[in-house]
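Welcome! Here are a few exercises to help you find your way around a structure you have not met before. Try each one yourself, then follow the solution step by step.

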Amino acid sequence: LHRLIRRQRQMCIRDRNQQYPRVIFMSPTYSKYLEAISERRSHYLLKPTLPPNISIDDVRAIVQAIIRNTPTSHNSQTNRAIILVGETHKSVWDQVYNTVVEEHRKAKPRMISDEAYGSVIFFTNEASIRELQEEYPKWASEISNLGEQSSGAVQINIWTVLSQMGIGCNLQHYNPWVSAALNGLPAPVEIPDDWKIRGQLVFGLPAGTPRDKEFIDNPIKVY
C-alpha cells in the first residue's frame with residue numbers, strides 16, 4: 001500500500017482547492033498530450049499565411065498521417081480529406097457566402113475567404129460504409145454512426161496537432177454549401193460521388209487571442 005501511495009504521488013498532483021481534484025500527470029508522455037488537448041482553442045481571427053518554417057507540405061503530411069492512423073470500425077479506413085488553399089479556398093468560401101441565405105451565417109464565410117490561409121475538408125467514404133452495412137446488417141444503423149465518430153476523431157486530432165505547430169484553427173460545418181461549391185470547381189479538383197462531407201477545419205496564422213473557455217462541473221464517477 002505504501003509503495004502504491006508513493007507511486008501515485010510521483011505520477012500526479014492534486015489541486016485540493018477545486019471541488020473535483022484536477023489530476024496532472026507528471027509522466028512526460030502523458031503531460032505533453034494532455035497539455036496539447038487543453039491548449040487547443042478556436043481561433044477565428046486569422047491571417048492568410050502560415051507560421052515561419054511551416055509549409056503547406058507540413059500540413060498535408062500531418063493530415064495524411066492522422067487519417068492513416070486514426071481507428072475506424074473494422075479497419076474500414078473510411079476517412080478522406082482534401083486541403084484548399086489560395087484561389088481554390090477563396091472561391092469555395094466566396095460561393096458559400098453568396099449562397100447562404102441567413103444573414104447571421106454570412107459573417108464567417110466572408111472572414112474565412114478573406115483572412116484564412118486554407119481549409120481542410122473532411123469526408124467519409126460512404127461506399128466503404130455501405131459495404132460494412134451489407135456485411136453486418138444487424139449493425140447497419142450503428143455503422144454509419146461509427147464512421148461519423150471516427151471522422152470526429154480525425155478532425156480533433158488534426159486540430160490539436162496544428163495548434164501545437166502555432167497554426168490557428170476553427171472548425172466549421174457549412175456542409176451542404178461547401179459540398180455544392182466543391183461540385184462547381186473546375187478540373188483537376190475531383191470529389192468522388194461516394195464521399196460525404198463532414199466538416200471544415202479553417203486554418204491560418206493566429207491574429208488574436210481566443211476567447212476564454214468556461215467549464216461546467218462534470219465529474220467522472222467510478223463505480
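Two residues are in contact when heavy atoms of theirs lie within 4.5 Å. Keep in mind that this is a predicted model.

**Exercise 1. Get an overview: how many helices and strands are in the chain, and what percentage of its residues count as buried?**

Step 1. Go through the secondary structure: the chain has 8 helices and 7 strands.
Step 2. Turn to burial: 34% of the 223 residues count as buried.
Step 3. Look at the contacts between residues at least 6 apart in sequence: 80% of them join residues at least 24 apart.

**Exercise 2. Describe how α3 and α7 meet, and find which residues take part.**

Step 1. Start with what to look for. Two packed helices are described by the angle between their axes and the distance between the axes.
Step 2. Apply this here: the axes of α3 (residues 56-69) and α7 come within 10 Å, crossing at roughly 145°. The crossing is right-handed.
Step 3. List the residues. From α3 come Val59, Ile62, Val63, Ile66 and Ile67, and they meet Val154, Asn157, Ile158, Val161 and Leu162 of α7.
Step 4. Sort them by class: the contact of α3 with α7 has 9 nonpolar residues, 1 polar residue and no charged ones.

**Exercise 3. Compare two residues of α7: is Thr160 buried or exposed, and how does Val161 count?**

Step 1. Place them: Thr160 is in helix α7, which spans residues 140-164, and Val161 lies in α7 too.
Step 2. Use the cut-off for buried, which is under 20% relative accessible area. Thr160 has 11% relative accessibility, so Thr160 counts as buried. Val161, at 29%, counts as partly exposed.
Step 3. Check the partners, leaving out residues up to four places away in sequence. Thr160 touches Ala36, Ile37 and Arg40, whereas Val161 is in contact with Ile62 and Ile66.
Step 4. Add two distances. The side chain of Thr160 reaches the backbone oxygen of Ile156 at 2.8 Å. The C-alpha atoms of Val161 and Ala36 are 7.7 Å from each other, although these residues are 125 apart along the chain.

**Exercise 4. Which residues of α5 are buried, and what covers them?**

Step 1. Look along α5 (residues 107-115): Pro109, Ile112 and Ser113 are buried there.
Step 2. See how they are arranged: they cover an arc of only 95° around the axis, so they sit on the same side of α5.
Step 3. Recall the general rule: an α-helix has 3.6 residues a turn, so residues three or four places apart point the same way.
Step 4. Find the cover, which includes α4 (86-99), β6 (168-172) and β7 (195-206).

Notes: Residues are numbered from 1 along each chain as its sequence is written. This is a predicted model: local features need pLDDT of at least 70, side-chain atom pairs count only at pLDDT 80 or more; totals for chains, interfaces and linings use all residues. Side-chain values use heavy atoms; hydrogens and water are left out. Buried means under 20% relative accessible area, exposed over 50%, partly exposed in between (1.4 Å probe, protein chains only). Helices (H or I, at least four residues) and strands (E, at least two) are DSSP runs, numbered from the N terminus. The arc is that of the directions from the helix axis to the C-beta atoms. A polar contact is a pair of N or O atoms within 3.5 Å; within protein, one must be able to donate a hydrogen and the other to accept it, and residues adjacent in sequence count only if both atoms are side-chain atoms. Axes are lines fitted to C-alpha atoms, for helices over the stretch in contact, and angles run from 0 to 180 degrees between N-to-C directions. A crossing is left-handed if the near helix is turned anticlockwise from the far one by less than a right angle, and right-handed if clockwise. Ala, Val, Leu, Ile, Met, Phe, Trp, Tyr, Cys and Pro count as nonpolar, Asp, Glu, Lys and Arg as charged, and the others, Gly among them, as polar.
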